[in-house]
Every structure is written in structure tokens, then in C-alpha cells.
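Biologist: Before I rely on any of the labels attached to this model, I should like to hear what each one rests on.

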Amino acid sequence: MHTDGWIYLDNNATTPLAPEVFEAMTVWLRDQFYNPSSAYEAARPARDAVERARESVARLLGAGARSEVIFTSGATEANNAALWGALRANPERTHVITSSVEHPAVLEVAKEIQRLGYRVTFLPVSTRGTLDPKDLLKALTPDTAVVSLMHANNETGVIFPVGDLARMVKQADPKVLFHTDATQSVGKVPFRMESEFQAVDLLSLSAHKLHGPKGVGALYVRRGARWRPYLLGGHQERGRRAGTENVAGIVGLGKACDLARESFVQEARLRGIQRRMEQQVKERIPRVLINGEGADRLPNTSNFAFEFVEGEGILMALQDHRILASSGSACTSGSLDPSHVLKAMDVPFTAAHGSLRISTSRYTTEAEIDRLVAVLPGVIESLRRISPYWDSDRNAPREGAEVFIQGKFRKEG
Ligand code: PMP
């Protein structure tokens, strides 16, 4: 994989394009430029290629029909389309339920919906990042139009049992639409829309999170779901998403889905790497929390919180070792506030600031993780040496510093 000598451990931000995907895309960029909607014969290959890609996405999701897949410009558009489309199709209902740890592509839409006068419930999460199904049931009212709960969290990798949650919602009220933002889990764990996810109506995904190209994704819409199109205009995508198809991008997404299906064997390997890395970090570095530890998590994501250090500092020091990772989420970096996800999990301020997200992919090698684990103790130690709260002689927090131990704040010393 071409990463220019960098050890790339930020795959939840984006993934390198698979060489096979690049190969599959080039002909549609270079030679086959036709508009798939054109009626002449020359355009047929482009039309067929889009349909083959649709089949590939449907197959990865275990969908019942390929017509349930609508191509979009990515997960942001898919999330917008899911929520606005659900509300517009059910105008008599004016309540939305989501969680406080969603990606901004859901959270900001929910806030806008709220500004327009709808009622929105933001469900809380536990300190492990998990959701209490009872909170969801309690939040449901006869005017609930849509529930939108992410599958895997982009920052912590914590997985919500959306298959079960959707079933629960449908049992309580079959008219409520259930949407899940599965951007971080598609391609990493298997999907079965016809069994495990049978009660999920809408699902978002984005190609560049599974070694496909940026700027293309899909919204799965279950047959018969009460949903209306979001982008209006031409008749593309059977009138459900207007705009000339991004043929090369769509072909790339299809190829990425085919490769992901073949590479599910990687799940166990990545889980092994994750377990070993987390164990070694805990052994070698004092005062580290693993956000979401103990919860069901993605095999590729570990979110560490090092007390009394600053996340940006960790990233800069790791870059000196040619390692790329992230603190919080790439979309929100630039702000000094701890991420909304860690805040919702009640991660203490002193630790939330020192968060480091490591996200691997099928191209990540054990040697790369060994390198990270080798340099990280030195990086943390040198940052703590300049922290006013850290006593380097004792390699522990300074007396009187407020620390967080086993779920409670207490004074050190
Ligand atoms: N949802 C989640 C959970 C994500 O991680 C991302 C990408 N960071 C998105 C939505 C948005 O995806 P895109 O930028 O491809 O539209």
C-alpha cells in the first residue's frame, strides 16, 4: 500500500484506495465517458456498470434486492436523505430520536430539524459508550417519525446493537422508520439486511471508508419503506436521487464491496492486533483508559485516553516517528474542546484531552503496530514531563492533582 513511508493508523478518517479499485475505475474516467441515462447503445456499458455495482453493494449488505440501494455522494448525503426523506414522507409525525454520539452528519441535521420546530430526543450513553434500550423505548411517542442510531461509532468503535434496537422499535410501533449510519462498520463486519437487520429501513455508507473512492456512497432504502427522495431533479436512480451518476465512483464502490466480502477473514486478524496492542499499551504506560472498553467494538478501532497529556501533542510527536493517527475525530480537530462523543461518555476532562484514536485496516501490519507500541511510552512520558500535573520522578500524578480512578474523581496523594 502506497503511504509514502508513513505508518497510517487513521483509517476511520479515510482509507487508502485499493489498487484493484483504482484499476476498475480508470476505464470509466478515461474511455467510457457516456451519460448512463443516454438512450443510445454507446451508453449502455456505463448503465450496466452502475447496475453491477448496485448488485455488489446489495450483496455486501445482504439486501433482498439491488433496487434497495441508492447511490449518493457519500454518507453525509445519505444521512441527510434518510432523515429529511423520512420526515417528508410522514408529515403527521414530528418527533425524531437519535443519540448524543452520532457523527455530525446526523447530529447537525437533527439540530436543524429541532430549529425548524420538530421535537428531537438525543439519547445519552453510558461511560462505556453504550445505549440503554429502555431509554429508547421510553423516548418513543405516537408522533415519533424516525429513529436514527449509528451502528459503529467513528471515534470509539463502540457498536450499538441496531438490529435488536430496530426490532424493538418496530414491535412498539411499526410505523416508525429506523435509520442507521453504518459508515464505519460496512466492510468491517458482515451485514444481513434480510435477517439480523430485518427491522432496519434505512442505512448509510461511504465508499472511502472501505478502500473505495471519496465522494460516493449509498443509502439503503428497504422496499416499501415510507420515505421520500431528498435530492430532486432528474429521474436518475428511479427518481430517488437526482443528478448524473458518478459512474467511476460507483464502479469503485462496487469493487470495494466485492473486495470487502472477500476480506472478512481479516476481522479475526484485526481483532488479534487490537487485543495485543491495547494490552501492551496498558502494561507499558500508566494512567491510560480505553474508551469503550468492555463494550462491543469494531475490530479496527482503539480510543486511548492518556491522563494529563494533550492529544494534539501526541499526534505531533507520533508524526516525528512517521506515524499518522488521530485525536478525537478528524472532522472536529482544530477545536480544543474534547470531542462530543467523549463528553457524552463522561470521560473526565483530564483524560478526554489526551485521547488518541488508532484505526487500522486490512493493509495494517503487525510490524506497524509493534512500532507504535514501541514509541508510544516515550512519547507519553515526554509530554507528561512538561505537564504541571505530573510528577516524573514518581511517574504518577502530582500530589493534589484531581484524577479519575475506577469511575470516580479523587484527589491524588
Ligand atoms: N458517518 C460516520 C459515522 C462517519 O465516520 C463519516 C465520515 N467521517 C460520515 C458519516 C460522513 O461520511 P462522508 O464524509 O463520506 O460523507
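Modeller: What follows takes the labels in turn, for what is a predicted model.

Biologist: Why is Ser-326 called buried?

Modeller: A residue counts as buried under 20% relative accessible area, and Ser-326, at 4% relative accessibility, therefore falls into that class. Its place is in the loop between strand S11 (323–324) and helix H11 (340–344), and, neighbours within four places in sequence left aside, Ser-326 is in contact with Asp-10, Leu-315, Ser-355, Leu-356 and Arg-357.

Biologist: What makes S3 and S4 a pair, and in which sense do they run?

Modeller: Pairing requires at least two bridges between the strands, and strand S3 (residues 95–99) and strand S4 (residues 119–123) have 5 bridges, in the parallel sense. Within this pair, His-95 stands opposite Arg-119 in S4. Helix H4 (residues 104–115) joins S3 and S4 in a right-handed β-α-β unit.

Biologist: Which strands are called the edge strands of the sheet, and why?

Modeller: The sheet is open, with 7 strands in the order S2-S8-S7-S6-S5-S3-S4 and mixed pairing. Strand S2 (69–72) and S4 are its edge strands: each pairs on one side only. On average, neighbouring strands of this sheet are turned by 20° against each other, direction ignored.

Biologist: How do you know that S5 and S6 pair, and which helix packs on the sheet there?

Modeller: Strand S5 (residues 144–148) and strand S6 (residues 177–181) share 3 bridges in the parallel sense, where at least two are needed, and Val-147 stands opposite Phe-178 in S6. Helix H6 (residues 162–172) packs on the sheet and touches both S5 and S6, its direction making about 165° with that of S6.

Biologist: What places the largest nonpolar core between the two domains?

Modeller: That core has 65 residues, and those with the most contacts inside it are Leu-61, Leu-149 and Leu-203. Helix H8 (residues 247–262) gives the most to the core, with 9 residues. Because domain 1 (19–262) and domain 2 (265–412) both give residues to it, the core lies between them.

Biologist: With which residues is Leu-203 in contact, once its neighbours within four places in sequence are left aside?

Modeller: Contact means heavy atoms within 4.5 Å, and the partners of Leu-203 on that criterion include Leu-61, His-179, Val-186, Phe-191, Met-193, Phe-197 and Tyr-220. A second, separate core has 27 residues, among them Ile-7, Val-373, Val-379 and Leu-383.

Key. Residues are numbered from 1 along each chain as its sequence is written. This is a predicted model: local features need pLDDT of at least 70, side-chain atom pairs count only at pLDDT 80 or more; totals for chains, interfaces and linings use all residues. Side-chain values use heavy atoms; hydrogens and water are left out. Helices (H or I, at least four residues) and strands (E, at least two) are DSSP runs, numbered from the N terminus. A crossover is right-handed if, with the strands pointing away from the viewer, the path from the first strand over the helix to the second runs clockwise. Axes are lines fitted to C-alpha atoms, for helices over the stretch in contact, and angles run from 0 to 180 degrees between N-to-C directions. A nonpolar core is a set of buried Ala, Val, Leu, Ile, Met, Phe, Trp, Tyr and Cys residues joined through side-chain atoms within 4.5 Å. Buried means under 20% relative accessible area, exposed over 50%, partly exposed in between (1.4 Å probe, protein chains only). Domain bounds come from an automatic or database domain assignment.
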